[in-house]
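Colleague: I am new to this structure. Please pick one small part and take a close look at it, then work outwards from there.

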Amino acid sequence: ADWTLKQWILDDGTSEDFVLGTNDFTVEAWVKFNSINSNDGCIISKHAASIPSWVELRLGSTSGKILTQVSFNGSSWGVSYQSSDSVTIGRWYHIALVRNGSVFTTYIDGVANGTATSSSSVATNTSYNTRIGARGGLDQKLSGYVSNVRVVNGTALYTASFNVPTEPLTAVAGTKLLALQSGTLVDSGAS
């Protein structure tokens, strides 16, 4: 299903489901951009105004590049990099952020498009909401569509180039969120 994105709050900030710590994890979604504005187009984030926490996927400062950011201390981004490839308007992309041990990799359509390393624990401030389509301060809104958002805590689903899924995503072991499928906002995750 195609979802015109306004902004959705996934939790009130207190859910243990999104506490990633030093676990392997996968955060992924299918995204279609209606506009490519620098430092805009937030896909998923846990952030309040200028205080970063958790992970964030959005458009970066270079037009069409996907920016990946991870906070370890809840006050700054410990990992921040842009994809090597660019996305364009009007095309669906599978975008995934995977932590495998100490390696963070962003994949666009199954191809590694940026990486960083850190063994630090991912910050989680329970005062901030986890959101799809905007950052916590309701800024950097995504203009476009999203489908099949999945957060898997405890498993790095992709560790090398892969063929992108052609069927709706399923609730694999560790799935904490699986939403925006089949014309519904219902969370099909186990939590």
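**From one turn to the whole chain**

Modeller: Asp109 is partly exposed, with a relative accessible area of 22%. That value lies above the 20% under which a residue counts as buried, and below the 50% over which it counts as exposed, so Asp109 falls in between. Keep in mind that this is a predicted model.

Where does Asp109 sit? Its place is in the loop between β8 and β9. The two strands form a hairpin, with 2 residues between them. The backbone stands out here. Phi of Asp109 is positive, near 50°, although the residue is something other than glycine.

Now follow the two strands away from the turn. β8 and β9 pair in the antiparallel sense, over 5 bridges. Two of the facing pairs can be named. Tyr107 has Ala112, in β9, as its bridge partner. Val103 stands opposite Thr117, also in β9. As a general point, strands of a sheet are held in pairs by backbone hydrogen bonds, in either the parallel or the antiparallel sense.

The hairpin belongs to something wider. Which strands make up the sheet, and in what order? There are 6, in the order β9-β8-β7-β2-β11-β12. The pairing is antiparallel, and the sheet is open. β9 (111–117) is at one edge and β12 at the other. Each has a single partner strand, so one side of each has no neighbour in the sheet. On average, neighbouring strands are turned by 15° against each other, direction ignored.

Cross the sheet now. β2 and β11 run antiparallel and are joined by 8 bridges. β11 in turn pairs with β12, antiparallel again, over 4 bridges. Arg150 is a good marker on this route. Glu28 stands opposite Arg150 in β11. In β12, the bridge partner of Arg150 is Leu178. Val149 stands opposite Ala179 in β12.

Is this end of the sheet mostly buried or exposed? β11 is mostly covered, with 9 of its 10 residues buried. β12 has 4 of its 5 residues buried, so the rest of the structure largely encloses this strand. β12 is thus an edge strand in the sheet, yet largely enclosed.

What lies between the strands? In soluble globular proteins, nonpolar side chains tend to be buried together. The largest nonpolar core here has 34 residues, and Phe33 and Val55 have the most contacts inside it. Eight strands are worth listing. β2 (25–33), β4 (51–59), β5 (65–70), β6 (79–86), β7 (92–100), β8 (103–108), β11 (144–153) and β12 (175–179) each supply at least two of its residues. β2 gives the most, with 5.

Take Val55 as a sample. Leaving out residues up to four places away in sequence, Val55 touches Leu20, Phe25, Val27, Ile44, Ser45, Lys46, Gln69, Val70, Leu97 and Val122. Apart from the largest core lies another one, of 6 residues. Tyr107, met earlier in the hairpin, is among them, and so are Ala96, Tyr158 and Phe162.

There is also an enclosed gap. The count is 1 cavity of 30 Å³ or more. The largest cavity has a volume of about 40 Å³. Its lining consists of Val27, Glu28, Ala29, Ile43, Ile44, Leu57, Ile95 and Val149. β2 again gives the most, with 3 residues in the lining. Glu28 and Val149 are therefore worth finding twice: both line the cavity, and each has a named partner across the sheet, Arg150 for Glu28 and Ala179 for Val149.

One more backbone point sets off the turn. Trp54 also has a positive phi, about 70°, and is not a glycine. Its setting is another matter. Trp54 is found in strand β4. It is buried, with a relative accessible area of 0%. Asp109, by contrast, is partly exposed and lies in a loop.

Step back to the whole chain. It has 12 strands and 0 helices. Buried residues make up 51% of its 191 residues. Among contacts with a separation of 6 or more, 63% are between residues 24 or more positions apart.

Definitions and conventions
Residues numbered from 1 in each chain as written. Predicted model: local features only at pLDDT ≥ 70, side-chain atom pairs only at ≥ 80, totals over all residues. Heavy atoms only, no water. Core = buried A, V, L, I, M, F, W, Y, C linked by side-chain atoms within 4.5 Å. Buried < 20%, exposed > 50% of the residue type's maximum accessible area, 1.4 Å probe, protein only. Contact = heavy atoms within 4.5 Å. Pairing = 2+ DSSP bridges. Axes fitted to C-alpha atoms, helices over the stretch in contact; angles between N-to-C directions. 1 Å grid on protein atoms, 1.4 Å probe; cavity = no way out; pocket = protein on both sides within 12 Å on 5 of 7 lines; lining within 4 Å. Points joined across faces, edges and corners; volume = space filled by probe spheres on them.
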